[in-house]
Structure formats: C-alpha cells, structure tokens
Amino acid sequence: MDDVEKRVVDLIAEVLVDVNKEHIQLDSKIVEDLGAESLDIYDMIALLEDEFGLEITDEEVEKIQTVQDVANYIRSAQSAAS
Amino acid sequence: MQRKVVVTGMGVVTCLGSGVATNWEALMAGRSGIGPITLFDAAKYKSRIAGEVRGNFDPHGYVQPKEFRRMDRFQQFAMVAAGEAVDDSKLELPPTNPFRGGVVVGSGMGGLSSIEEGMHLLLSKGPNSAPPLLITKVVINLSPGMLSIKYGLKGPNYGVVNACTSGTSAIGEAFRIIRESRADFMIAGGAEAVVTELSVAAFSKIRALSTRNDDPERASRPFDRNRDGFVISEGAGMLILESEEHAAERGALIHCEILGYGATDDAFHIVMPDETGSGAYEAMRLALEDAGVKPEQVDHVNAHGTSTDLNDKMETIAIKKLFGEHAYRLAISSTKSMTGHLIGAAGAVEAVYTIMALKKGMVPPTINLEEPDPDCDLDYTPNTPVSREMEYALSNSFAFGGQNGCLLFRRV
C-alpha cells in the first residue's frame, strides 16, 4: 500500500472502530464487506475531506465502492489540483 | 386503584467515581470530588474548578467503541449509568413485550460541548467542516433514543429539559407513566456534561459559580456563611422504576418505593428563586399529598442545597414553612457539598443517594459546613454522616426558570 492508501485505511478504521483493521483491504467493499451504513459514510467523507483538504461531491460518493476507489479518487483529485 | 411504583435498579457516574458503591463510600467518607478543571485550559477563567468525571469512567463495558464515538459526553454518561442500573435490576432485556418498557432522560443543556467544538470548526474552516455526527450528539432526546435501541424498549420515550430539575422531573414523569399503567418499567434519570468553556464562562458572568479556586475541595459549601456559588459538575444518575407487580412477578430485589412527586414553578424570575420559597414549598407539599404522607413522617431531605446565597436561604424557608417545628428534627443533607452541581443530572444522582440513605440508615453529611449561615439554622448533617433509622425521604431540585421538583421515597 502506498501512503495515500495507508491514510485512507487509517481513516476508515477510525470510523469503523469495531472492524478489525487487518480486514480492511484495498479491494474491500466499504458497505457490503465492512458493514458501513449511511452515518458512517458521512463520517468518513468528513474525515477524508479534512485529511486531504478536498471536497468529495455526492456524485463521486455514488461511484465509490471499495477502499481502492477512495484512494484512486483522492489521487486524481490531488493531481487535478496541482 | 393506583399501581405502586418501586425502584429495582440504580446507576451513577460522578466526580466521586463510577458506580453506586464507589459513590456511597465517598459520601460516607465525606470526600469531595471537586478539583481543578482539566477538560480545557481554564487559566483565564474566573472559576477554574469543577467536579469532572475522571479516568475511573470506563464506558466500554456498556458502550461499543463505534457507538461511543457517535455520542456526546452526556450521552456516554447516560449509557454507563443506565447500564449499571439495568445490570443491578437483573431485568431481561429486550423484554417480552417491548411496548411496556420505556425511557425518560433529563438533561439541562445536552450536547453543548459538541456545539462548541462544531462551531469552532465551522468558524475556522468553513461550513463544509461541520461534523456529520453533531446533530445526534446535541439533541437531548437522542439519549433516551440510544437507550431504547440498546435495550429494545419501544414504550414511552422522551427527553425532559428542566435545567437543574431535569433529573428529578424525568424520574417523576416515569413514576407517573408506570402508576397510570402506560408502561410496566422505565429507565429514568438525568445526564449532563457541561464543564465546557462557554458554559463555565457564561455561568461566571451571572456570578453563579464559586471562585474558591485555590481550595477546590472546600468550594462547595451549602448552608455555610462563606459560600460563594455552586461548583459545576458532570455525570449521570439512572434508576429502573417498575410497577410493584412486575417486580414481584420476576422476583426482583426492591431498593425502595417511590410514593409521590410534586412539580411547580415559581413564576418569578428567570434565574433567581422566589425568596419566599412558595414554589419549592408547594412542590414538597404536593409530593407528600400525592402519597398521603404527613410532614411529621418525613425523616430525611436530600436538599437542592447548591451553595448559592439565594438557593440555600430560600430552601430553608420553604422547608420550615412546610414542616414547622418538625423541620428541626429532619436530617437534611446537601450531597452537592461533595459532588458539586450536576445541573440536569443532579436530581437523578441525588435520588440514588436518597435511596441509599434509606437503605443503609445513614444520612450523608453536608461537608464544608464550618460556620452556619444564621439564616440557615436547620440540621444539615454537618461534616460527618449520621446513623438514623428512616422510613420516608424527600429529594428536592429547583431550576433556573423556576421549575421545582420533589420526589418522595419510602424504605421497604
């Protein structure tokens, strides 16, 4: 895992405290595999936005399924900004 | 015929510790739980002392880490105190008929600390930084809502907002719900966590808080001539109330009976009590009338006794007006001398202490009562606990807003 991916996993683990962090893999589906529900998703978005200094639109959230999707989105948003 | 209502479970979290046994031990030792504020940097504040719930508060026995993260501190206290009360009652939850069990929780100011944190983020980083979990942390009725989810209780459920009377009002409401057969058992109490920057600063602006900062353990001194305001505290108290037949059916251990509840308002001033004590008098009188108990039968009063100039005088006047000569034979305590003032949780925590006093036949002391105020000349059980067989006891709460609440308990 690269740096962005590690930070994403850390933040997801912070929200889903009752999920063993080792179970959070890049291909884990956030809702289906990790059991996140709507409040968890909003909580994660807020933490990710704060950590990476960006805004994640609801349209983007719709497209995101896995941990890898989150990391990919952040990297693309970062390169678009720089 | 009205149903009898009994208490079958108790739980507390205060600056004296977590758990009824720990709290009782501290009360009997006359130990103060007040210390310097550590929850924020209080160096610039006029009042720098509080009754904080410290490291001995372990929520994870009762609240899962994920739920804990989603809760304001007042909700965490409520969950832990309720958890202890439920365990103590040995109720099997969720109940067979979920609609016959309910929850009423009182709180004065709810998730104020979450509001302060959220506003700080909003002002420093803009609207997109508003915490997504803020709403559920702020709202007072989310506390009984969270308890309903945890224990599967679908009966009457609401929050009570009555400032410093909230905890007493919540227990009074739950008592009536059971008496009127709208539920068979209720979780009821109060929770508060407002040792926060804004709250301490604002209470100081109306000269409500003690500034005895260099001597925290002696700062809360109800009925003493040198009292200079209340000491702000946090925590929660919870009771399990049950109809007598429901408790008997399952062979529950009964701590005491709740016999009466009186509630009035001063209709006088937004923060000052009516100095004639007429509202407080009437609340106590109604609690006795509710149960058909005569003033002379009462042994013990857990006073509101905040350590403010106005409250302690007014309460003394109200007690004398109701009890006449018998007022001098009452064993009165202000346990706030040890816990400080838990605002919306105060009445619930003090209900637990009152019940313990009846059970143990011991009157908790009013500590720091060194030089009695000449206007406060009753027996407030100064400084050391007193052994006394008691049958009937009152617990008083009075609020900013003028709300007065009084509960009457009987030993079983």
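**Exercise 1. Get a feel for chain B: what share of its 412 residues counts as buried, and how does its radius of gyration fit a compact globule?**

Start with burial: of the 412 residues in chain B, 59% count as buried. Keep in mind that this is a predicted model. Next, take the size. A compact globule with 412 residues would have a radius of gyration near 22 Å, and chain B comes in at 20 Å, so the two agree. Along its principal axes, the C-alpha trace spans about 65 × 55 × 40 Å. Now look at what the chain is built from: 13 helices and 15 strands. Finally, check the contacts in chain B with a separation of 6 or more: 79% of them join residues 24 or more positions apart.

**Exercise 2. Find the domains of chain B and work out which elements of domain 1 touch domain 2.**

First, the split: domain 1 runs over 5-249 and domain 2 over 259-411. Their C-alpha centres are 20 Å apart. Then count who meets whom: 63 residues of domain 1 are in contact with 56 residues of domain 2. On the domain 1 side, the elements giving two or more residues are strand 1 (5-14), helix 1 (20-28), helix 7, strand 7 and strand 8 (235-243). Helix 7 has the largest share of that side, with nine residues. As for character, the residues on this side of domain 1 divide into 30 nonpolar, 24 polar and nine charged.

**Exercise 3. Where does the largest nonpolar core lie relative to the two domains of chain B?**

Begin with its makeup. The core has 126 residues, and Ala78(B), Met186(B) and Leu241(B) have the most contacts inside it. Helix 13 (residues 346-360) of chain B gives the most, with ten residues. Now for the place: domain 1 and domain 2 of chain B both give residues to this core, so it lies between them. To see one of its well-connected residues up close, pick Leu241(B). Beyond its sequence neighbours up to four places away, Leu241(B) touches several residues, among them Val5(B), Phe175(B), Met186(B) and Ile258(B). There's also a second, separate core of 17 residues, which includes Val8(A), Leu48(A), Phe52(A) and Ala71(A).

**Exercise 4. Is Gly190(B) buried or exposed?**

Locate the residue first: Gly190(B) is in strand 7 of chain B. Then apply the cut-off, which asks for 20 or more other C-beta atoms within 10 Å. Gly190(B) has 40 such neighbours, so it counts as buried. Leaving aside residues within four places in sequence, its contacts include Val105(B), Ser166(B), Ala236(B) and Gly344(B). For a pair set further apart, try Asn311(B): its C-alpha is 21 Å from that of Gly190(B), with their positions 121 residues apart in sequence.

**Exercise 5. Track down some less common backbone spots in chain B.**

Here's the background: most residues other than glycine have a negative phi, and most peptide bonds are trans. Step one is the bond from Leu93(B) to Pro94(B), which is cis, with omega near 0°. Pro94(B) sits in the loop between helix 3 (73-89) and strand 5 (101-106).

Step two is Ser181(B), with a positive phi near 65°. Ser181(B) is in the loop between helix 7 (166-179) and strand 7 (185-192), and it is exposed, with 11 other C-beta atoms within 10 Å.

Step three is Asn368(B), whose phi is also positive, near 65°. Asn368(B) belongs to the loop between strand 12 (362-363) and strand 13 (386-387). With 27 C-beta neighbours inside 10 Å, Asn368(B) counts as buried.

Key
Residues numbered from 1 in each chain as written. Chains lettered and ligands numbered in written order. Predicted model: local features only at pLDDT ≥ 70, side-chain atom pairs only at ≥ 80, totals over all residues. Helix = DSSP H or I, 4+ residues; strand = E, 2+ residues; numbered from the N terminus. Rg over C-alpha atoms; globule rule 2.2 N^0.38 Å. Buried ≥ 20, exposed ≤ 12 C-beta atoms within 10 Å, placed from the backbone. Contact = placed C-beta atoms within 7 Å. Domains from an automatic or database assignment. Nonpolar A, V, L, I, M, F, W, Y, C, P; charged D, E, K, R; others polar. Core = buried A, V, L, I, M, F, W, Y, C linked by C-beta atoms within 7 Å.
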